Structures are given as C-alpha cells and as structure tokens.
Amino acid sequence: MSGNCGAAVPAEENSSKMRVIRVGTRKSQLARIQTDNVVAMLKTLYPGLQFEIIAMSTTGDKILDTALSKIGEKSLFTKELEYALERNEVDLVVHSLKDVPTVLPPGFTIGAICKRENPCDAVVFHPKFVGKTLETLPERSTVGTSSLRRVAQLQKKFPHLEFKSIRGNLNTRLRKLDELQEFSAIVLAVAGLQRLGWQNRVGQILHPEECMYAVGQGALAVEVRAKDQYILDLVGVLHDPETLLRCIAERAFLRHLEGGCSVPVAVHTMMKDGQLYLTGGVWSLDGSDSMQETMQAAIHSPQEDDGPEDDPQLVGITAHNIPRGAQLAAENLGISLASLLLNKGAKNILDVARQLNDAH
C-alpha cells in the first residue's frame, strides 16, 4: 500500500456529526475478504471514521449456467454496484480490477488501485491427481476454466487435454472439482486462492511464458463517484504507484484493441530500472493463431512532481497523487503496443474469435 498512517484526513471527518462510509461489495466470500482488506487499510489510515459494508448480488453472480464470454455484458460483476453508487446508497465499491471494463459509465471513476498480488494463474488438481502437472495429466483429462484467454493459450501447449467451462464462485468451483469427478483440474487466479487462504491447493503456478494473465488480474480497484472529491481524497492514498502504472498500460492496451471477455487477450507487465515493460498477445479461440509483442517505455519516478494533475481520468482511473507524466507514458505504451499488433493483423484474429464465440 502506498501512503502511510499519517495520511491527511479529509476535512469532512472533523465535522460535528461523523459520517459513516458505506462500502459496496459482491456477496461471495472472496469479494467480502477483498473488501474487508480494503476497509482495514482505510481504518488504519482514518481511525476516526466508521465503515459499513453492504453486500449485493450482480448479474455475473446470478447467471451461472452460461460461460461469461457468451453473456455479452461488459459489466457483469460491476453494474449493480454502480447502480448503488449512482443512487447514493454506497460511497465506494471494491472490485477485482480484472472485472472492471476499460470504459466506465459517465459519473464513475476508479479512485484507487491497491498493491497487486501475484497476477498469475494456478492449477488446482483433483485429489487423485495431486503431484501432477498439466503436462503429466492423463490423455483427454478435462480441465475446467471459464476463461477463453486461458483455453486459447493452454490448448495449444497441452493438446492432450480437454477444456470445459466451469462457473460459480471459487468455493463452488473447488467443490465441483473435488466432488463431481467431472474435472481432473481447474485453473484459477493465484491471488484469489491466496486471499481465501487456500495456497495449499495450488498444484502448479502458470508463469507468463506458459499462460499470460488477464488485464488487471491480482489487483483490487476502488470505484467511486467521479465528482465526490471527499471520497476520492479518502481512497486516493491507497494507490500503489507501480501497480497503477502497470494496470494503466494493460487497460490502455485492451481498450485500444477493443478486447473484452469475449476474445482471448492477455498481458504481462513488469517495472525494472525506470522502464515499464508490457507484453501483450491475442489468440484465436483454439490457440492455433496468435500474435504477441513486447514494448517498453521510460517511466518518471513516482516521486517526481509534474505540477497540477487536474486532467481527466485515464482508462477509467483517477490518480491525482501519482505524477501525470508517468501515467501518460504508461497509457501511451499500452496504445502503442495495441497499435503494433493491429497493424500486424491482430484485428482479424480478434474478429474471427468474436464471431466464432458468438456462433457457439
């Protein structure tokens, strides 16, 4: 977490009647744990404030018999929470950043992106296959995942395996794996398993050279009303500079490609010696056709002061306390990499993937 316990308190906290900050979240156990983590950080920063957590179900939580890529709704896990924000029923909502579209509805912004956990994917094996890897699973073993991105990358690398959609929250998916005898393994995000305390179920971590991750995976986002300056100031200290810049580049890449969960797009980012490296790729649904490239850009030190930062948000994110020049460099990196891939023919791969996904 960036910032410290001496963060400036927004003026309203000192008013005679203390305001209760209402925090919206999905109802799943993972969503609640993630929200509790963010509220705990805010309580440390603002010990005088009170927080109330309000849980609700989203479209993505309710439609469990259809693959996410088939539903055709970009804000599956965020829309109901945004309605609550709009109606002033909550003051902020906590999301997994990978669930947040790169274009937010008018009036909303991401006011904080917390320090990212491991963004990679993990394989969890059925108890009878513990000790195996994807490579050593028996011929025609079934691997569960609801992600086109994972299937496209893994199908090409492990042609002896069969991939099948699996839906539900993490608890539900693990129960299906252990009890139904339908799956030999399932693929999940490392970060979610870690937050739930289920590290012991991780049988294999898929590193980026094996399976690049989803845009924003492993990071938590705090969404607020764009004009609510009090709440923006309150949550802004949670921005982690490196995570923010990596995720701006990733989201700009995805937005410029016009990608989403209905097409296989994946990324890998890292910061080293003042350089931000972004690798991005697109795949056909079966992984037989793919294209990926890496670019880098020099990033200003997050401690530098670029002067006033009153420009509009970038890829849905507002971060007044992070140098604007660094944010713009990250955004331009994402756009440049997407443009490079599009110039090399990525649009055709994505168009065909989208059409095939819609047809099935």
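Biologist: What makes strands 11, 12 and 13 an open sheet, and in which order do they run?

Modeller: In this predicted model, the three strands have the order 11-12-13, with antiparallel pairing. Strand 11 (265-272) and strand 13 stand at the edges with a single partner strand each, so one side of each has no neighbour in the sheet. Neighbouring strands are turned by 15° against each other on average, direction ignored.

Biologist: How do you know that strand 11 and strand 12 pair?

Modeller: Pairing requires at least two bridges between the strands. Strand 11 and strand 12 have eight, in the antiparallel sense, and therefore they count as a pair. Among the bridges, methionine 270 has tyrosine 277 of strand 12 as its partner, and valine 267 has glycine 280 of strand 12.

Biologist: What lies between these two strands in the hairpin, and which residue there takes a positive phi?

Modeller: The hairpin has two residues between the strands, and aspartate 273 takes a positive phi near 50°.

Biologist: Which helix lies across this sheet?

Modeller: Helix 10 (residues 324-343) lies across strand 12 and strand 13, and runs at about 150° to strand 13.

Biologist: Why is serine 284 called buried?

Modeller: The cut-off for buried is under 20% relative accessible area. Serine 284 has 12% relative accessibility, so the residue counts as buried. Serine 284 sits in the loop between strand 12 (275-283) and strand 13 (290-298). Beyond four places in sequence, its contacts are Ala152, Pro264, Asp289 and Ile349.

Biologist: What makes the pair of serine 284 and serine 288 a polar contact?

Modeller: The limit for such a pair of N or O atoms is 3.5 Å. A polar atom of the serine 284 side chain lies 3.2 Å from the backbone nitrogen of serine 288, a value within that limit.

Biologist: Is histidine 126 buried or exposed, and how do you know?

Modeller: Histidine 126 has a relative accessible area of 6%. Buried means under 20%, so histidine 126 is buried. Its place is the loop between strand 5 (121-125) and strand 6 (142-144). Leaving aside neighbours within four places in sequence, histidine 126 is in contact with Leu177, Asp178, Gln181, Phe183, Ser184 and Ala185.

Biologist: Leu177 is in helix 6. Which residues of helix 6 are buried, and against what do they pack?

Modeller: Leu170, Thr172, Arg173, Leu174 and Leu177 are buried in helix 6 (residues 170-180). The buried residues of this helix pack against helix 1 (29-45), strand 5, strand 8 (185-189) and helix 7 (190-195).

Biologist: What makes asparagine 169 a cap of helix 6?

Modeller: A side-chain oxygen of asparagine 169 lies 3.1 Å from the backbone nitrogen of asparagine 171, at the N-terminal end of helix 6. That distance falls within the 3.5 Å limit for a polar contact. After helix 6 comes glutamine 181, with a positive phi near 60°.

Biologist: Why are strand 2 and strand 4 called edges of the five-stranded sheet?

Modeller: The order is 2-1-3-10-4, with mixed pairing, and the sheet is open. Strand 2 (50-56) and strand 4 (108-113) each have a single partner strand, so one side of each is left without a neighbour in the sheet. The twist averages 30° from one strand to the next.

Biologist: How do you know that strand 4 pairs with strand 10?

Modeller: Strand 4 and strand 10 (residues 220-225) share five bridges, in the antiparallel sense, against a requirement of at least two. One of the residues involved is threonine 109, whose bridge partner in strand 10 is valine 224.

Biologist: Which strands do helix 1 and helix 8 meet?

Modeller: Helix 1 packs on the sheet and touches strand 1 (20-26), strand 2, strand 3 (92-96) and strand 10; its direction makes about 165° with that of strand 2. Helix 8 (residues 229-236) lies across strand 1, strand 3, strand 4 and strand 10, at about 25° to strand 4.

Biologist: Which members of the largest nonpolar core touch the most other members?

Modeller: They are Leu97, Ile110, Ile113, Ile186, Phe253, Val265 and Val282, out of 64 residues. Helix 9 (residues 241-257) gives the largest share, nine residues. Apart from this core lies another of 23 residues, including Val23 and Leu42.

Methods
Residues are numbered from 1 along each chain as its sequence is written. This is a predicted model: local features need pLDDT of at least 70, side-chain atom pairs count only at pLDDT 80 or more; totals for chains, interfaces and linings use all residues. Side-chain values use heavy atoms; hydrogens and water are left out. A nonpolar core is a set of buried Ala, Val, Leu, Ile, Met, Phe, Trp, Tyr and Cys residues joined through side-chain atoms within 4.5 Å. Buried means under 20% relative accessible area, exposed over 50%, partly exposed in between (1.4 Å probe, protein chains only). Helices (H or I, at least four residues) and strands (E, at least two) are DSSP runs, numbered from the N terminus. A polar contact is a pair of N or O atoms within 3.5 Å; within protein, one must be able to donate a hydrogen and the other to accept it, and residues adjacent in sequence count only if both atoms are side-chain atoms. Contact means heavy atoms within 4.5 Å. Axes are lines fitted to C-alpha atoms, for helices over the stretch in contact, and angles run from 0 to 180 degrees between N-to-C directions.
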